[in-house]
Amino acid sequence: MAECTVGDYLLQRLREIGVRHVFGVPGDYQLEFLDQIEATDGIEWVGNCNELNAAYAADGYARLNGIGALVTTFSVGELSALNGIGGAYAESVPLVSIVGTPATFVVRDRQTVHHSTGDGDFSHAAKCASEYTVAQALLSRDNAAPEIDRALSLCWLLKRPVYIMLPADVAGQPIDAPAQPSNCPSRPATRLSSPSSCTRPATCWARPARWRCWSATRWTATGSARR
């Protein structure tokens, strides 16, 4: 069976469900994954000036494209993005939050490293994220494939954000490549060609309050969500 890395598996699944742009801010815990994004055909990295901007950009992208994704770094980066993710949760926007975390041996040995709270507990930020996501996954070489598929399926079906933790020493680990396409329906690749085309939300928000209703598939003027 063909092999790929954990990071490449995640990117292939994202591409299959229609993600063509990934937003975020570089951080040392996800640098290998960022290299994998740059090397992936069909997915473009969109860097932002801070994580909160990345979250809102990914949210707006998801509203037009059907689903969006952002990448942040452990703790300080992901917590900065949490307000945007919470907004996506409240308004039923499918968003994949991918967080680069310290290497598994660092967490296992409860080491004191940057971005941590220094108490050996690496779960503080994840606990915060769990309040605003419908699925959480800590990837390893052994569980990566089923956990990625589970999280993305729930994101798509429930139209809410999900939270995927990708340790720094796991992104490059080899696993079996997907044998079958994702079970999630794919979005049309041409529906949103570039982030610069995200003009419709601004137009809609300039309209009266009765227009301000987001559906999973379209804006409505009815004052109530249509799915």
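**Exercise 1. Determine which residues of H1 meet which residues of H7, and describe how the two helices pack.**

Solution. Begin with the contacts (heavy atoms within 4.5 Å): Val 6, Tyr 9, Leu 10, Arg 13 and Leu 14 in H1 meet Ala 144, Ala 145, Ile 148, Asp 149 and Leu 152 in H7. The model is predicted, so that local features need pLDDT of at least 70 and side-chain atom pairs count only at pLDDT 80 or more, while totals for chains, interfaces and linings use all residues. Residues are numbered from 1 along each chain as its sequence is written, and side-chain values use heavy atoms, with hydrogens and water left out.

Next, take the geometry. Two packed helices are described by the angle between their axes and the distance between the axes. For H1 and H7 the angle is about 30° and the axes lie 10 Å apart, the axes being lines fitted to C-alpha atoms over the stretch in contact, with angles running from 0 to 180 degrees between N-to-C directions. H1 is therefore roughly parallel to H7, a term that covers angles under 35 degrees. The crossing of the two helices is right-handed, meaning that the near helix is turned clockwise from the far one by less than a right angle.

Finally, check burial (under 20% relative accessible area, with a 1.4 Å probe and protein chains only): the buried residues of H1 are Val 6, Gly 7, Tyr 9, Leu 10, Leu 11, Arg 13 and Leu 14.

**Exercise 2. Identify the elements that build the largest nonpolar core, and place Val 71 within it.**

Solution. A nonpolar core is a set of buried Ala, Val, Leu, Ile, Met, Phe, Trp, Tyr and Cys residues joined through side-chain atoms within 4.5 Å. The largest one holds 36 residues, and those touching the most other members are Leu 14, Val 22, Phe 33, Ile 37, Val 71, Val 96 and Leu 139. Two or more residues each come from H1 (6-16), H2 (31-39), E4 (68-73), E5 (95-101), H7 (144-158) and E7 (162-167); helices (H or I, at least four residues) and strands (E, at least two) are DSSP runs, numbered from the N terminus. H7 gives the largest share, six residues.

Leaving aside residues up to four places away in sequence, Val 71 touches ten-residue surroundings that include Val 22, Phe 33, Ile 37, Trp 45 and Ile 98.

**Exercise 3. Locate Ser 75 and Lys 159, and decide whether each is buried or exposed.**

Solution. Ser 75 lies in the loop between E4 and H4 (76-90), and its phi is positive, near 65°. At 13% relative accessibility, Ser 75 counts as buried. Lys 159, in the loop between H7 and E7, has a positive phi of about 55° although it is not a glycine, and at 16% relative accessibility Lys 159 also counts as buried.

Methods: Buried means under 20% relative accessible area, exposed over 50%, partly exposed in between (1.4 Å probe, protein chains only). Angles under 35 degrees count as roughly parallel, over 145 as roughly antiparallel, 65 to 115 as roughly perpendicular and the rest as oblique.
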